[in-house]
Amino acid sequence: MVGLVIVSHSYFLAQGVLELARQMAAPGVKIAAAGGLDGPDHALGTDPFMVQQAIEAVDGPDGVLVLMDLGSAILSTEMALEFVTEETRQRVLLCEAPLVEGALAAAVQAGLGSSLAVTAAEARSALLPKATHLGVQIAGPVVSSPVSTTERVIQLRLTVRNRLGLHARPAALFVRTVGRFASSMTVRNVTRGGPAVNAHSINLVATQAIRQGDEIEIGASGADAEAALAALAQLADTGFGDGITPVDSAAPSADAAVSAAPALTAASADLDEPLRSLQGIAAAPGIAIGPVRRFEPTVPPVVLRQRGVSNPAAEWERLQGARQVARQNIEEMHARLWQQGAAAEAAIFDAHLLFLDDPALLEPAQAAIFGQADSAEAAWHDIIETTAAAYAALDDAYLQARAADVRDVGRQVLLALAGQRATFSLDAPAILVADDLAPSDTANLDRSQVLALCTARGGSTSHSAILARTLGIPAVVGLGARVLAVPTDTLMVVNGDSGEVIIAPAAAAVATWEARRSAWLDARQQAAATSQQAAVTTDGMHVEVVANIGSVADALAAVAAGAEGVGLLRTEFLYLDRAVAPSEAEQTDIYRAIFAVMGQRPIVVRTLDVGGDKELAYIALGHEDNPFLGTRAVRLYRERPDLIEPQLRALLRAAVGRRVRIMFPMIATYDEVVMVRGWLDKAQRDLAAAGVPAPTDLQVGIMIEIPAAAVLADKLAPAVDFFSIGTNDLTQYTMAAERGNPRVAYLTDALHPAVLRLIAQVITAAHDHGRWVGVCGELAGDLTAIPILLGLGLDEFSMNPAAIPPAKQLLRTLNRQALRDLASHVLTLNSAQAVRAAVRAALPAG
Ligand code: PEP
Ligand code: MG
């Protein structure tokens, strides 16, 4: 075994590093330290004779690796080499690796019986884990897999359960265990999507950043591969020497919570009040009460990870066949949702079909089958996991949620490969409790039997949440693992409006909740039945209720939901999955298709709002420290007129014979209004010069989403035909709290009086100049906000199509004149909570 010497200026530093290295090393690794001049009393300095003694103490046939700190430590070590025998000198390697990190890495590697050169190489790359952790790029060792591609490879997947994951000590134990076997081995962080790296290298294992909860895959090839994987599985059961800790003590693991649950139900009989409630994220409105049933997903069989299939072409064929089956299933779900009037949600499955055909999935799968002789299951599973992990690692919450979509498609193909189909059915109405639900699971649910959905994980932008909203199933997501502990058949109340779940409610409360549920069902039925009728207030005013859309499918959904037009067409959504810029002709075609669906209804089209959290693959935005405060929307057009000019011409071409209005986003100043109007005039002139018909009298508006524009609304109003208030952005900019950041989510409440005062100011300014004004942020569809906005005099409410029927229904019960006082009153309050309470007090039935 290679011996190690640690040389430092400081006695204490040398002893400390020695102690750490000994902890990491296997027994039998010889390590000696030479620090200071003469023990703790003369702790600083270096002495060549001490270094010589240390070298001789650990010398052996495999050689000695010496690690030094700096300056005279190096000189003293070089001098020490003059005192040792020639034979010893030949075996000593002075290594430039960092002292502390290098010593620990070398100690582990020496313990594996590695050569002097390999131990030194491992010490040299010891900065890699730290650099990776800190996100710094340094030249590292080639991340290669030592596992043979010709030999049979077996694989093991396991979840790391110790609290700190594979940090230094557990990683060392892992590598030492690997080193006990002759097989070549790799490890890969499946959850974070890392490459398969040499499991014999402490640095490469540590740079995988394997944390608690991560799934890792260990590959082994060689005579004792099975024994090696068994030993690692055993090690994982001990938490890699650290013990097992629950993931989050505030949200205990499902296992831990199961044992706590009986106590909950047992005690409930003694109490008048509900025993225990859980708070999650309100994902789909409505009230449900009923018995709990656990959702059991159909899981494909565990992928038998054997390489070396004899007929890769046949495996590839099997994969094609399975994709075909999955395609049929997805198309069926798509058709079913479409028939149910959920065109926008059916579009989720359009995206699933794209995943199924995505070359970024197919090409690596094909390479794995033909190049590594992987089975179809292994090849598909690997690329799906890698892709899903890449989505999950992104900063944007919406994109992170797409990982579930990729896995859903992946699972369907794996099920098809196993000759299975997802099947889950309820024989009686129940509240379905699940860890999480894939979109296909949600779409396949029988609406007549599922009273509500509760999930431990997930957010309000997950597709299952979106689908639940469309299917009209009340849902609360993100409840944490405790919800999984509620025993089957326990009576539960789900309040999809507030996100509250009540477990085993007392008898007296049950009647109240049942009454609330029937009131909700009646209201919903009535809302759907009257959705095509106008929203006329009790004092006879027709309120324009229109839709926010981003596709042809949305346009269809909007019309079906009773939209009287479009208040916001988010044009950037049309180009999200494009790698190259759409031509003017392509844009014209897309707009024509959407306008055709809307017929003669008014359509407000917003020009490209790229930047902030919205990126288009074909527009290189470049790095900005605060992208929401950076080159977004109109600010980008100044630099890239080539983006806005063709879009305006395409819109004008498509607008002929339609009631199109053009709106510009992210306006902060009067000068910007002049600038965008200039582009529009130019587009009109260009088309006229080319003899292309285009409207010249269409309405032009701006979005009010920057406080500066709200404050100066009286100056901007004369320059435009209308305003549309983007409350999503107006709130984030007013509160200085980024809209996608959960840590400041408590601030991004559009009902805050600070935001409401700006809205009031904008409405007044617009009306003073004879302009109309709408709201197209989420606030417009919020049933608590609608009475306030109406009282403030808002002209147009633009919202998600699904929100239209209940919004219209509410508006029909309201009296605009009477709400003026409430609207003025809430402006004087000092919190969003106080605003909500005031609305509840004024309109108890709402
Ligand atoms: C808004 O900011 O309120 C808005 C409607 O625009 P977007 O959500 O697309 O930024
Ligand atoms: Mg906006």
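Trainee: Why does D435 count as partly exposed rather than buried or exposed?

Mentor: D435 has a relative accessibility of 31%, and buried means under 20% relative accessible area, exposed over 50%, and partly exposed in between (1.4 Å probe, protein chains only), so D435 counts as partly exposed. This is a predicted model, in which local features need pLDDT of at least 70 and side-chain atom pairs pLDDT 80 or more, while totals for chains, interfaces and linings use all residues. Residues are numbered from 1 along each chain as written, chains are lettered from A and ligands numbered from 1 in the order written, and side-chain values use heavy atoms, without hydrogens or water.

Trainee: What makes D435 and R457 a salt bridge?

Mentor: Their closest N and O atoms are 2.8 Å apart, and a salt bridge requires a side-chain nitrogen of Lys or Arg within 4 Å of a carboxyl oxygen of Asp or Glu, so the pair qualifies. D435 lies in the loop between β12 and α17 and R457 in the loop between β13 and α18 (helices being DSSP runs of H or I of at least four residues, strands E runs of at least two, numbered from the N terminus), so the bridge ties together parts 22 residues apart in sequence. R457, at 49%, also counts as partly exposed.

Trainee: How do you know whether R632 and D729 are buried or exposed?

Mentor: R632 has a relative accessibility of 0% and D729 one of 2%, so R632 is buried, and D729 is buried as well. Their side chains meet in a salt bridge at 2.8 Å, N to O, and because R632 lies in the loop between β20 and α22 and D729 in helix α27, the pair ties together parts 97 residues apart in sequence.

Trainee: Why are α1 and α5 called roughly parallel?

Mentor: The axes of α1 (residues 11-24) and α5 (residues 99-111) come within 8 Å and cross at roughly 30 degrees; angles under 35 degrees count as roughly parallel, over 145 as roughly antiparallel, 65 to 115 as roughly perpendicular and the rest as oblique, so α1 and α5 are roughly parallel.

Trainee: Which residues of α1 and α5 meet, and what is their character?

Mentor: With contact meaning heavy atoms within 4.5 Å, L13, V17, L20, A21 and M24 in α1 meet L99, V100, A103, L104, A107 and V108 in α5. The residues of this contact divide into 11 nonpolar, no polar and no charged, where Ala, Val, Leu, Ile, Met, Phe, Trp, Tyr, Cys and Pro count as nonpolar, Asp, Glu, Lys and Arg as charged and the others, including Gly, as polar.

Conventions:
Axes are lines fitted to C-alpha atoms, for helices over the stretch in contact, and angles run from 0 to 180 degrees between N-to-C directions.
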